[in-house]
Amino acid sequence: MTAPEEQQPSEKPSGPPRTPRRSAAALASVLDQAASSLTNIAVLVIAARVSTTHGFATFSMVYLTFTVLLGLNMAYVGQAVVLTRGDTATTGAACRSAIAFTSLASTVVGVLLAAVGAVTGAVTGGWAGPGGAFLALGLVLPLVLVQDGLRYAFSTLRRPGLALAADTLRLVCVVPALLLQPRHAAPGLLVAVWGVSAVPALLLGLRLLWPHVRGARADLRPYVRRGHLGQRFVVEFAVGNASSQLAVLGLGLFAAPLAVGALRGATTLFGPLNVLFNSVNAFGPPLLNRLGGRRATTRAAALLGLVLSVVGLAWGLVLYALPDHVGRQLLGATWQSAAALLPASGAQYAVMGLGTCALVTLRVLSPRATLSVQVVFSLLSVVFMLAGYALTGSALGAAWGLAAGSALKAVAAWTRVARLRVEEPASATAVPAVPAG
């Protein structure tokens, strides 16, 4: 008999590391969302502190434009790519295609914004105003959109820890960069510094993504093909979020620029609640799906909605009780105008907690039911905001209009959920019984 061969140690498979556990991935995703939201909060708070009131109003208009473009990219590219399923080669190709499309599209839009900013600055003769700020946004737009788009690529690859690393570096770089700017800095300078500070996080993200997309080919044809899934998501975003953002932007362009700064400042103070709402949107559907029934799903979502509503009211009371000197340290000269909006914003975020959970419930139980609710009641929110400003002539009226629109959307969404619960037993009794034998 021959001597048995020595058992060789099994070689570790090459390539990307093993997918992390579900609990660790969920925690990393929540922390990544918190880091991203904290970055947005820090940017607005620091910009308010180092700017004049008019300077922050201009910066808010430009940052609002970026927020709309970011949401459109998230809807058209991000939400579509995270639904990709398949082997490593399939997901790698999808991620590489998504990043390539984001790079190309953001460059085109950036050139257009830079051109508009250059013309505006030349006509008005003031590069320290909106013209210079929009010019700076156009130049840095590809950097910030691609860096943010990497988050969805890592989510598709089930590597949220990599997104957390890149977004944490983004936060670490942008805060000191803005803090080093002089008092009363021009909005264009702040926009440029904010955008350039994304370069380290962008390079780190691309380096972390490379092992997962090496050898994959980028295919841009699905993004320009009719019927792309992102087109539906863009419609929902446009009527659900971008409509109100654009209405606020229009309010600043054609009516009162200071109202934009006040509304943006008040919204910034509620940034921690945005982290909670975004986490519910991200992790609510898979968690509710595990409950295994409409009744259990609705009860859990309703309980969560009540909790978020109480948290929103409590946070609003905390902000309303802040001493003036603390508020001025947070928002600088913008605090006085933003503080007047805190009761309305607190009421809005309280009902937004209920509405968010209702829309997540509809997404789980009947995904096609969300679009009609978003279209009708998001447009009503815009109408109420503009009507509130027209009736009162102030940002406070616009803020109460937004709160009323959010309340109506929450009522409509929960009414739709209740109808689904009524339809379930009705449809069950309508099934004919099979005769015995």
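Helices here are DSSP runs of H or I, at least four residues long, numbered from the N terminus. Keep that in mind for the labels below, and remember that you're looking at a predicted model.

**Whole chain.** Start with a cartoon view. You'll find 17 helices and zero strands in the protein chain. Now switch on the surface: about 21700 Å² is exposed, and carbon and sulfur atoms supply 66% of that. Of the 437 residues, 48% count as buried. If you like contact maps, take the contacts with a separation of 6 or more: residues 24 or more positions apart account for 82% of them.

**The largest core.** Next, select Phe59, Phe66, Leu137, Leu141, Leu178 and Trp194. Within the largest nonpolar core, which has 71 residues, these six touch the most other members. Colour helix α15 (residues 342-365) as well, since its ten residues are the largest share of this core. As background, nonpolar side chains in soluble globular proteins tend to be buried together.

Zoom in on Leu178. Leaving out residues up to four places away in sequence, Leu178 touches Val43, Ile46, Val50, Leu190, Val193 and Trp194. There's also a second, separate core of eleven residues; pick out Leu150, Ala153, Phe154 and Val213 among them.

**The rings.** Show Phe, Tyr and Trp side chains as sticks. The count comes to nine aromatic pairs, and two of them make good stops.

Go to Tyr63 and Phe66 for a tilted pair, 5.6 Å centre to centre with 55° between the planes. Both residues sit in helix α2 (residues 53-81), three residues apart, or about one turn of the helix. Buried or exposed? Tyr63 and Phe66 are both buried. Add Phe59 and Trp194 to the selection, and you have one aromatic cluster made of Phe59, Tyr63, Phe66 and Trp194. Phe59, Phe66 and Trp194 should look familiar from the largest core.

Last stop: Phe277 and Tyr349. What do their rings do? They form a stacked pair, with 6.1 Å between centres and 15° between planes. Phe277 belongs to helix α11 (residues 271-289) and Tyr349 to helix α15, so this pair ties together parts that are 72 residues apart in sequence. Why does Phe277 count as buried? Its relative accessibility is 5%, and buried means under 20%. Tyr349 has a relative accessible area of 5% and is buried too.

Conventions. Residues are numbered from 1 along each chain as its sequence is written. This is a predicted model: local features need pLDDT of at least 70, side-chain atom pairs count only at pLDDT 80 or more; totals for chains, interfaces and linings use all residues. Side-chain values use heavy atoms; hydrogens and water are left out. Helices (H or I, at least four residues) and strands (E, at least two) are DSSP runs, numbered from the N terminus. Buried means under 20% relative accessible area, exposed over 50%, partly exposed in between (1.4 Å probe, protein chains only). Contact means heavy atoms within 4.5 Å. Accessible areas come from the Shrake-Rupley method with a 1.4 Å probe; for residues, only the protein chains shown count as cover. A nonpolar core is a set of buried Ala, Val, Leu, Ile, Met, Phe, Trp, Tyr and Cys residues joined through side-chain atoms within 4.5 Å. Rings of Phe, Tyr and Trp (its six-membered ring) pair if their centres lie within 6.5 Å; planes under 30 degrees apart count as stacked, over 60 as edge-to-face and the rest as tilted.
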